[in-house]
Amino acid sequence: MACVEDISSDDEIHEEVSRTLDEAFLIWGKKLKDKCQEFRLHLVTWNVGTASPPPDVTSLLQLSSQGPSMDMYVIGLQEVNSKIINFLSDLAFDDPWSIFFMTVFSPLGYIKGNKGGVTIRMSLYGHMICFMNCHLPAHIENAEQRLDDFEKILEMQQFEDENVPNILDHDILFWFGDLNFRIADYGIHFVRESISNSRYNLLWEKDQLNMAKKKEAFLQEFIEGPLQFKPTYKFDLHSDVYDTRGQKTLFWFNGKKRKPAWTDRILWRVKNLSQHPSEDGDLSEGEQTISVTLNNYISHMSYGISDHKPVTGTFGLQIKPLFSTPLVTLNPEGEWNAAQDVLISYSTVSEFPSSTWDWIGLYQVAFRHVNDYVTYAWVKDDEISSSEDVTQVYISADEIPHAGGEFLLCYYSHNMQSIAGMSQPFQIQPSRRSEEKELAQENINGIEKLHSPEPYNEF
């Protein structure tokens, strides 16, 4: 399982932390309104079996040549770099899968923040959302162990937030991963024959997760789309053929093959939100403030680097905003030129937990990570004016890229440990020195081309 740090918040700022994702929508030019917002989410789960990334993931991510079609991608991987040498190297560097996916996403305007973990949580228009990536114990006989482990995860994961301290306290919980539930009772020949005839419904009642949901109360609030795709495990590598190899024992092959199973799943749970108040308290009793619609739930048979096939779920989240004002609004002052000192104006809401360690970074539009800034300004040390409404900070011309280009500004909150505000993209005009250097290089290239010798031909 790919694990990084989980997200929690200090008690003093839990309300503000719950709003940090509101500003992410400014990237796409959306404005918070009183009416419900539609948020598009694409979720991927894939046990990659320690393999390296494939050459292309266009179909897996449902990418379009017309630009971003989703507001957010959530990617849960299992068995990433499980070898000890890879684990040690990843303590200092991003793993190959993180680098690979950000190479795909950054040109489309998506960024990888400092959030991650077995459980990830965030605020969306003031609603708390949690994503939980699990890799539960294998083998058909361990169904009870899988349930025990999942229940233990729900009990033990605690957040430093008195309002939303537990996983099940979140407004929406997505549970996904290699959950390892198998198809009980039926023999391998019946299972394979049912799959060959696309009669998946014959197998549903013996799916261990479906069986558990009928008995276990804590599972009954979780929803899953219909399993209208082939079981995603176990396949021969680089094929869509189920396991043909014999299972190896200590001294010989006993010829036993793995029975296909829907091990890779995506489920979700919506908390009862019938009396969720808005910031102005005008929400009527019984009004639903958030809902989830599953648009598709499919596997991707063309990917063969692992004995598991990836599974994706595409969702529409209908959300009534609980907050209407961004925490931080910031903009470049006037037209920026790389030859001149420049100014940034920003404003914050009154309850924003500002710090002397906050800073504003200048980023190229296709940046991948919060650390990819070109330069930055401290909001206190580089402040030149401040009023009740607006504060201005400056960046020296020496810090501005001479070649210019398209950039944006991000306000980083030390208390939240995340980006709290973004500007719209804007242009920086190149400095005259850069233009002269570019013109000189073009002249040199032209002279070299003019004086290049003709190829020598022997007769």
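The exercises below, each with a worked solution, concern salt bridges, helix faces, surface charge and backbone geometry in a predicted model.

**Exercise 1. Find which residue pairs with Arg40 in a salt bridge, and state whether each partner is buried, partly exposed or exposed.**

Solution. Step one is to identify the partner: Arg40 forms a salt bridge with Asp71, and their closest N and O atoms are 3.2 Å apart. This separation can be set against the cut-off, which asks for a side-chain nitrogen of Lys or Arg within 4 Å of a carboxyl oxygen of Asp or Glu. Step two is to place the partners along the chain: Arg40 belongs to strand β1 (residues 37–47), while Asp71 sits in the loop between α2 (58–61) and β2 (72–78), so that the pair links distant parts of the chain, 31 residues apart. Step three takes up accessibility, where buried means under 20% relative accessible area and exposed means over 50%. Arg40, with 32% relative accessibility, counts as partly exposed, whereas Asp71 has a relative accessible area of 7% and is therefore buried.

**Exercise 2. Describe the salt bridge of Lys206 with Asp185, and then examine what is notable about phi at Asp185.**

Solution. The closest N and O atoms of Lys206 and Asp185 are 2.9 Å apart. Lys206 lies in the loop between α7 (201–204) and α8 (208–215), and Asp185 in the loop between β5 (172–178) and α6; the pair therefore ties together parts that are 21 residues apart in sequence. As for accessibility, Lys206 counts as partly exposed at 23%, while Asp185 counts as exposed at 60%. Turning to the backbone, Asp185 has a positive phi of about 70° although it is not a glycine. Most residues other than glycine have a negative phi.

**Exercise 3. Work out which residues share a salt-bridge network with Arg265, and whether Arg265 and Glu224 are buried or exposed.**

Solution. Begin with the pair itself: a salt bridge joins the side chains of Arg265 and Glu224, with 2.7 Å from N to O. Because Arg265 lies in strand β6 (residues 264–270) and Glu224 in the loop between α8 and β6, the pair ties together parts that are 41 residues apart in sequence. Shared partners then extend the picture, since salt bridges join Asp207, Glu224 and Arg265 into one network. Finally, both Arg265 and Glu224 are buried. In the whole structure there are five salt bridges.

**Exercise 4. Determine how the buried residues of α6 and of α8 are arranged around their helix axes.**

Solution. Take α6 (residues 188–196), where Val191, Ser194 and Ile195 are buried. Viewed down the axis, the buried residues of α6 fall within an arc of 100°, and they therefore line one face of the helix. On the other side of α6, His189 and Ser196 are exposed. The same steps serve for the next helix: in α8, Gln208, Leu209, Ala212 and Lys213 are buried. These residues cover an arc of only 140° around the axis, which puts them on the same side of α8. Lys214 and Lys215, on the other side of α8, are exposed.

**Exercise 5. Locate the patch of negative charge on the surface and characterise Glu151 within it.**

Solution. The patch is formed by Glu144, Asp148, Glu151 and Glu155, which gather on the surface. Of these, Glu151 is placed in helix α5 (residues 143–156). Patch members must have over 30% relative accessible area and no salt bridge. Glu151 has a relative accessibility of 31% and so counts as partly exposed.

**Exercise 6. Identify which residues a cis peptide bond joins, and describe the backbone and accessibility of His139.**

Solution. The cis peptide bond joins Tyr233 and Lys234, with omega about 5°, and Lys234 is placed in the loop between α8 and β6. Most peptide bonds are trans. His139, found in the loop between β4 (127–135) and α5, has a positive phi of about 80° although it is not a glycine. With 37% relative accessibility, His139 counts as partly exposed.

**Exercise 7. State how far apart Phe105 and Pro68 are in sequence and in space, and whether Phe105 is buried or exposed.**

Solution. Along the sequence, Phe105 and Pro68 are 37 residues apart, and in space they are 9.2 Å apart from C-alpha to C-alpha. Phe105 has its place in helix α4 (residues 96–105). Its relative accessible area is 5%, so Phe105 is buried.

Methods:
Residues numbered from 1 in each chain as written. Heavy atoms only, no water. Patch = residues over 30% accessible without salt bridge, like charges linked within 9 Å, V, L, I, M, F, W, Y side chains within 5 Å. Areas by Shrake-Rupley, 256 points an atom, 1.4 Å probe, with all protein chains shown as cover. Lys, Arg positive; Asp, Glu negative; His and termini not counted. Charge placed at Lys NZ, Arg CZ, Asp CG, Glu CD. Helix = DSSP H or I, 4+ residues; strand = E, 2+ residues; numbered from the N terminus. Buried < 20%, exposed > 50% of the residue type's maximum accessible area, 1.4 Å probe, protein only. Arc of directions from axis to C-beta.
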